[in-house]
Amino acid sequence: MSRPLAKWLILIALLAYAVLMAAFADSAVRHRTGSDIEIIIDSEDTAAVSFLTPGAVKRELGSLPARFSRMPLSAIDTDSLERMLACVNNFEHVEVVRTGTGKLLVKVVPMIPEARIFSSTGTYYINKDGKRLDAHAEYFADLPVVRGNFTRRMPASGVLPVTRHIASDTLLRDLITMVEYRSPSNIILIPRIRGHVINLGDTTRLAEKFANLLLMYRKVMPYKGWNTYDTISLKFKGQIVATRADKTTLPHNFVDDSEDIDPEEEALDAQTMTENPPGIPPRKGSRQPG
């Protein structure tokens, strides 16, 4: 027998052996009963991991976990399981495989929630694209809370720039308890400090607006009283407009009393507040909404 022919025969024999071993291993796995269901949450995002637990994923499998140890692996249709789990709103991607050790491996990439929404149609979470995610006992994340009556023309995703800004700042996370989305130009913040609300206006100049809010809390509220105002408006560029809770109170000496300003509102120049203590009249100027 020639040497090349011998090499080919050995190669064919090795390939046949590999195929037979693979078929034998596959047959052994298929006739083996299940040993365990392992759930892997594939995400490095802490909000996603806390939002989606292995227990929640296992409960989406229905009665399968209770029957799994009595079932041969060949009876488990992994493709059907993947399609079923892919229908869950909170799962971005699902992969189900049988392992050689008798385990059923379920790997889930979760949707990442960004805000908790309360509306007339119920409560739910939304992700970065505004997609609805289920909200019930199985799925919970400590995220900014938003209230509003949302429509296609006014989707909940419109508030995400505000909730992201709040979530990125530990002080604001502790300070703001809820965002009320009345319209794109009237976003109301409900602070933990009772007695007033904050009108943020729209989603522009957020860093400036929140800086002005903290300036108001540091420079004015401790001196004028935390119950003096019922609304703090940050809509106007360079100014903080505070509406007095007691409408009969005479204007303070830092009121801008130009004709275009409601006499029940006090316009505080934000720049002047950084230079002068409360009680010293600021520069007068017209409001610039923004």
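Two strands are taken to pair if DSSP finds at least two bridges between them. In the predicted model described here, glutamate 95 has lysine 107 of S3 as its bridge partner. This contact belongs to the pairing of S2 with strand S3 (residues 103-110), in which seven bridges join strands that run antiparallel. Valine 96 likewise stands opposite a residue of S3, namely valine 106. The two strands form a hairpin with four residues between them. Within the turn, glycine 102 adopts a positive phi of about 90°.

The hairpin is part of an open sheet of three strands, arranged in the order S1-S3-S2 with mixed pairing. The edges are occupied by S1 and strand S2 (91-98); each has a single partner strand, so one side of each is left without a neighbour in the sheet. On average, neighbouring strands of the sheet are turned by 15° against each other when direction is ignored. Helix H5 (residues 78-86) packs on this sheet and touches S2 and S3. The direction of H5 makes about 165° with that of S2.

Side chains alternate along S3. Leu104, Val106, Val108 and Pro110 point to one face and are buried. Lys103, Leu105, Lys107 and Val109 point to the other face and are not buried. Two residues of the S2-S3 pairing partners named above thus fall on opposite faces: Val106 on the buried one and Lys107 on the other.

On its other side, S3 pairs with S1 in the parallel sense over six bridges. Aspartate 36, found in strand S1 (residues 36-41), stands opposite lysine 103 in S3. With residues up to four places away in sequence not counted, aspartate 36 touches Phe68, Gly102, Lys103 and Leu104. Among these contacts, Gly102 is the residue with positive phi in the hairpin turn. The C-alpha atoms of aspartate 36 and phenylalanine 68 are separated by 7.5 Å, although the two residues lie 32 residues apart along the chain. The relative accessible area of aspartate 36 is 35%, so this residue is classed as partly exposed.

A further positive phi, of about 50°, occurs at arginine 205, which is not a glycine. Arginine 205 is located in the loop between strand S10 (197-201) and helix H8 (206-219). This residue is also partly exposed, with a relative accessible area of 22%.

The largest pocket of the model has a volume of about 300 Å³. Its lining comprises 13 residues, and those nearest the pocket centre are Asp142, Leu143, Pro144, Arg173 and Ile176. Two or more lining residues are given by each of helix H6 (160-167), helix H7 (170-175) and strand S8 (176-183). S8 provides the largest share of the lining, with four residues. In composition, the lining divides into eight nonpolar residues, one polar residue and four charged residues.

Note on methods
Residues are numbered from 1 along each chain as its sequence is written. This is a predicted model: local features need pLDDT of at least 70, side-chain atom pairs count only at pLDDT 80 or more; totals for chains, interfaces and linings use all residues. Side-chain values use heavy atoms; hydrogens and water are left out. On a 1 Å grid over the protein atoms alone, a cavity is a set of points where a 1.4 Å probe fits but cannot get out, and a pocket is an open set with protein on both sides within 12 Å along at least five of seven lines; lining residues have an atom within 4 Å of a point. Grid points are joined across faces, edges and corners, and a volume is the space filled by probe spheres set on the points. Ala, Val, Leu, Ile, Met, Phe, Trp, Tyr, Cys and Pro count as nonpolar, Asp, Glu, Lys and Arg as charged, and the others, Gly among them, as polar. Buried means under 20% relative accessible area, exposed over 50%, partly exposed in between (1.4 Å probe, protein chains only). Contact means heavy atoms within 4.5 Å. Axes are lines fitted to C-alpha atoms, for helices over the stretch in contact, and angles run from 0 to 180 degrees between N-to-C directions.
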